[in-house]
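Here's a quick briefing to read alongside the model. Have the sequence and the 3D view open, and pull up each spot as it comes along.

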Amino acid sequence: MGATIKDVAKLAGTSTATVSKVMNGSYSISQETADKVRKAMEELDYHPNLRAKNFAKQSARTIIFVAELGKGTGFANPQMFEILCGLEEVLAQKDYTLVVRNIAAGDCAEFIRNAADTKQADGFVIHASVISQALDELLFTHEIPHIVIGNPNFNSHFCWLDIDNRLAGELAAKHLLERGCQSVAFIGGKPEDQISARRLDGVLTVLKEHDVLLPREYVKKGESVCDSGYRMTMQILENRRRPDALVCADNYIAYGCVNALHDRGILIPEEMKVITFDDFPFSQILKPMLSVVNIDVYDMGVQAGKYILQKIKRPNLYVQSHITFPTLIIREST
């Protein structure tokens, strides 16, 4: 006969109620006690009937991550994979399953409505790229547990977590001024790219505080791809006076920027300093290695996991917060 919950409690030196709480992911149990219970379960080869337990609790013990995905997403947006890894780590510790769904923005509200109605999941982690006002109304009206990854670009009731990209831009500009730069240019993403826009806002704030002008011709906006970064850099270099430094909104733009400077024979950092954001995929392999304002997106996933589990237990929890402090990594390019 297989081991029972009573056997686990006896071996772990706890009550059966404590064993049950550990299996249910209760936050009232200390980590030390939880470890003892899990060790006892492992030694006894005890496997509770999670499906029956979840059915009785009307709980799927599943979180669905919703984003618009597709071929090449891992290369175009490697940060999303890091977020998923951090999210999965937290959920696995509490015996939750993470399901990833590729949903277009226009279909997101209907998908979540159906998934919630049929109890396919206990909560949803939603990438900001697929949110809408219709989704906001649905989640708010039906009190569906959720966390949005990213700050919505419209007024909403969403619970959300984001990185303070404005602060990241401030750190980049302060570093360049400390390096003696007297003129700075910015090359970024499309006008609707909120991450790029907030990083530019941070750069502008610091430059203004130090009476450093950022001429209109020193700000370029385009695609977040290497070729666009190359073209925007060449446009900056066409000005009669060149800036001392270039702030690149992301690694792809920075890759094109560095190639353009090499092709024009401009030495980095002697003649032009370059700084970008996020420590991958290109910042460590370009020559020279790039200084970056780094964002720990893995930790962002961890925090999202903790908040969605809290939201399930406490439906009245309301979160709208910037988390994960950006850090400066100084390398050869500055």
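Start with Arg264, which sits in the loop between helix H12 (251-263) and E9. Keep in mind that this is a predicted model. After Arg264 come the two sheets, the largest pocket and a handful of unusual backbone spots.

**Arg264 and its surroundings**
- Is Arg264 buried, exposed or partly exposed? Its relative accessible area is 41%, so Arg264 counts as partly exposed, in the range between the 20% and 50% cut-offs.
- Once its neighbours within four places in sequence are set aside, Arg264 is in contact with Met234 and Leu237.
- Met234 is 30 residues away from Arg264 along the chain, yet the C-alpha to C-alpha separation is 8.7 Å.

**The mixed sheet**
- Which strands make up this open sheet, and in what order? There are 6 of them, running E7-E6-E8-E9-E10-E12, and the pairing is mixed.
- Strand E7 (219-221) and E12 are the edges, each pairing on one side only.
- From one strand to the next, the twist averages 15 degrees.
- You can see both senses of pairing around E10. Strand E9 (residues 273-277) pairs with E10 in the parallel sense over 3 bridges, while E10 and strand E12 (residues 327-329) pair in the antiparallel sense, also over 3 bridges.
- To find the register, look for Thr276, whose bridge partner in E10 is Val292. Towards E12, Val293 stands opposite Leu328.
- In a regular strand, side chains alternate between the two faces of the sheet. Strand E10 (residues 291-294) has Ser291 and Val293 on one side and Val292 and Asn294 on the other, and all of these are buried, leaving both faces covered.
- Helix H10 lies across strand E6 (184-188), E7, strand E8 (245-248) and E9. H10 runs at about 170 degrees to E6.

**The parallel sheet**
- Another open sheet has 6 strands in the order E2-E1-E3-E4-E5-E11, and here the pairing is parallel.
- Its edge strands are E2 and strand E11 (320-322), each with pairing on one side only.
- Neighbouring strands of this sheet are turned against each other by 20 degrees on average, direction ignored.
- At the E2 end, strand E1 (residues 62-67) and E2 run parallel and are joined by 6 bridges. One register marker is Phe65, which has Val100 as its bridge partner in E2.

**The largest pocket**
- Rolling a probe the size of a water molecule over the atoms shows where empty space is left.
- How much space lies in the largest pocket? The volume comes to about 1400 Å³.
- The lining takes in 49 residues, and those closest to the centre of the pocket are Asn77, His127, Ser129, Asp193 and Ile195.
- Elements giving two or more residues to the lining are helix H5 (73-76), helix H6 (78-93), helix H10 (194-209), H12 and helix H13 (297-313).
- H10 gives the most, with 5 residues. That's the helix that also lies across E6, E7, E8 and E9.
- Sorted by class, the lining has 20 nonpolar, 18 polar and 11 charged residues.

**Backbone spots to check**
- Most residues other than glycine have a negative phi, and most peptide bonds are trans. The next few go against that.
- The peptide bond from Ile268 to Pro269 is cis, with omega near 5 degrees. Pro269 is in the loop between H12 and E9, which is also where Arg264 is placed.
- Lys287 and Pro288 are joined by a cis peptide bond too, with omega about -5 degrees. Look for Pro288 in the loop between E9 and E10.
- Asp45 has a positive phi, near 55 degrees, and belongs to the loop between helix H3 (31-44) and helix H4 (50-57). Asp45 is exposed because its relative accessible area, 54%, is over the 50% cut-off.
- Asp95 is not a glycine either, but its phi is positive at about 60 degrees. This residue lies in the loop between H6 and strand E2 (97-102).
- Where does Asp95 fall on the accessibility scale? At 35% relative accessibility, Asp95 counts as partly exposed.

Methods. Residues numbered from 1 in each chain as written. Predicted model: local features only at pLDDT ≥ 70, side-chain atom pairs only at ≥ 80, totals over all residues. Heavy atoms only, no water. Buried < 20%, exposed > 50% of the residue type's maximum accessible area, 1.4 Å probe, protein only. Helix = DSSP H or I, 4+ residues; strand = E, 2+ residues; numbered from the N terminus. Pairing = 2+ DSSP bridges. Contact = heavy atoms within 4.5 Å. 1 Å grid on protein atoms, 1.4 Å probe; cavity = no way out; pocket = protein on both sides within 12 Å on 5 of 7 lines; lining within 4 Å. Points joined across faces, edges and corners; volume = space filled by probe spheres on them. Nonpolar A, V, L, I, M, F, W, Y, C, P; charged D, E, K, R; others polar. Axes fitted to C-alpha atoms, helices over the stretch in contact; angles between N-to-C directions.
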